[in-house]
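Reader: Could you take me through this model, beginning with the overall fold and then turning to the interior?

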Amino acid sequence: MNNELRVIISGGGTGGHIFPAVSIANAVKALRPDAKILFIGAEGRMEMQRVPAAGYDIKGLPIRGFYRPLWKPANIGVAIDYLKSKMMAKQILRQFKPQVAVGVGGYASSAALGAANSLGIPTLLQEQNSYAGLANKTLAGKAAKICVAYEGMERFFPADKIMLTGNPVRQQLLDAKTTREEAVRSFGFDPSKKVVLLVGGSLGARTINESVMQHLDLIRQSDVQFVWQTGKYYSKEIANRMKGHELANLKTTDFIADMAVAYRAADLVVSRAGAGSISEFCLLGKPVILVPSPNVAEDHQTKNALALVNKDAALYVKDGEAPDKLLPTAIETVNNAGLLSSLTNNILKMALPDSAEIIAKEVIKLAGQS
């Protein structure tokens, strides 16, 4: 028997899909340094840059999402691209000869894993959200194993295939050795005062940004320090609006390269409710106020948030109410030591550590090599 392990990993479109995909690849490599891993992504999407930057080869497919409503004439072209992508994926699989294919959600995985199913290659799905994505729901029937991050996923997937593993997170977050004092000082702040970290993802979140802009006076009057990631998409606009409003206790940046240091500095985080971010908060035990984005499929961020809120493991402010409520709530919360302690204890109980390694072992098992 040929003992060389060959794995296809497919999916992407957002960091929430790409981080877990790369984490799984790294974990497979840690267990089997000889493994050959090839990614399949969607042309023009984030994975085409992020995956090579992580040291892996990737092939792109001309696949894209359907327009809503589905009867739009433009969807004829989308359907043609899907069929073309599936044929290309079959060709890639025949050449690469993987023993197993992993799908993490996103456009590309529907074509790549659909092709794997038709060629009889075992497939494993990884679903990050508490509300399953369309690609994974479609592929679930033929999957051998489905790794999930939330309980109760039997409403989307066959119960006998489900494995509760949690979401793989960026390893450097867990490995950081910085102390809170060092982390706070790195932002030019006083470690004896509380710090709130405001993040809206790498591109930013308009609602969170507006919530800050509308409460600059409240921030100025408070004894709390704020680290504010505006996101690259909004950075110029915010910089212009902040002229003449610079505050000593508000550090504004378009992008935080070292999130491990930012998390270590923060006594409280304000964030969207993406599945990957939530997994990080759980593992790090970070008190968090979640502001779910209303602009995602099936409103899955609200469902992600409620999975924590229902266990008193996070606070939640609706997007529409955030401009009025978010900053006052954040200041009140970060000054409430008992509430912070309770949130930390409850969110830590929801952490599922070693996710990437657990999934990698399943991948190797499915390849018939364990």
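Author: The answers below go from the whole chain to its cores and then to one histidine.
Author: This is a predicted model, in which local features need pLDDT of at least 70, side-chain atom pairs count only at pLDDT 80 or more, and totals for chains, interfaces and linings use all residues. Residues are numbered from 1 along each chain as its sequence is written, and side-chain values use heavy atoms, with hydrogens and water left out.

Reader: How many helices and strands does the chain have?
Author: The chain has 16 helices and 13 strands. Helices (H or I, at least four residues) and strands (E, at least two) are DSSP runs, numbered from the N terminus.

Reader: Why is it described as being as compact as a globular protein of that length?
Author: The radius of gyration of the chain is 21 Å, close to the 21 Å from the globule rule for 370 residues, so the chain is as compact as a globular protein of that length. The radius is taken over C-alpha atoms, and the rule is 2.2 Å times the number of residues to the power 0.38.

Reader: And what does the C-alpha trace span along its principal axes?
Author: The trace spans about 65 × 50 × 35 Å.

Reader: What percentage of the residues is buried?
Author: Buried residues make up 54% of the 370, where buried means under 20% relative accessible area with a 1.4 Å probe, protein chains only.

Reader: Turning to the interior, which residues have the most contacts inside the largest nonpolar core?
Author: They are Phe157, Leu197, Met259, Val269, Leu290 and Leu308, in a core of 62 residues. A nonpolar core is a set of buried Ala, Val, Leu, Ile, Met, Phe, Trp, Tyr and Cys residues joined through side-chain atoms within 4.5 Å. A second, separate core has 28 residues, including Ala205, Ile219, Val291 and Ala322.

Reader: What does valine 269 touch?
Author: Not counting residues up to four places away in sequence, valine 269 touches Leu197, Val199, Tyr263, Phe281, Lys286, Pro287, Val288 and Ile289. Contact means heavy atoms within 4.5 Å.

Reader: Which elements do the buried residues of helix 13 pack against?
Author: They pack against helix 12 (275-284), strand 12 (288-290), strand 13 (315-316) and helix 15 (337-348). Leu308 is one of the buried residues of helix 13.

Reader: A change of topic: where does histidine 215 lie?
Author: Histidine 215 lies in the loop between helix 8 (206-213) and helix 9 (216-221).

Reader: Is histidine 215 buried or exposed?
Author: Histidine 215 is buried, because its relative accessible area is 15%. Leaving aside neighbours within four places in sequence, histidine 215 is in contact with Pro323, Asp324, Leu327 and Pro328.

Key:
Buried means under 20% relative accessible area, exposed over 50%, partly exposed in between (1.4 Å probe, protein chains only).
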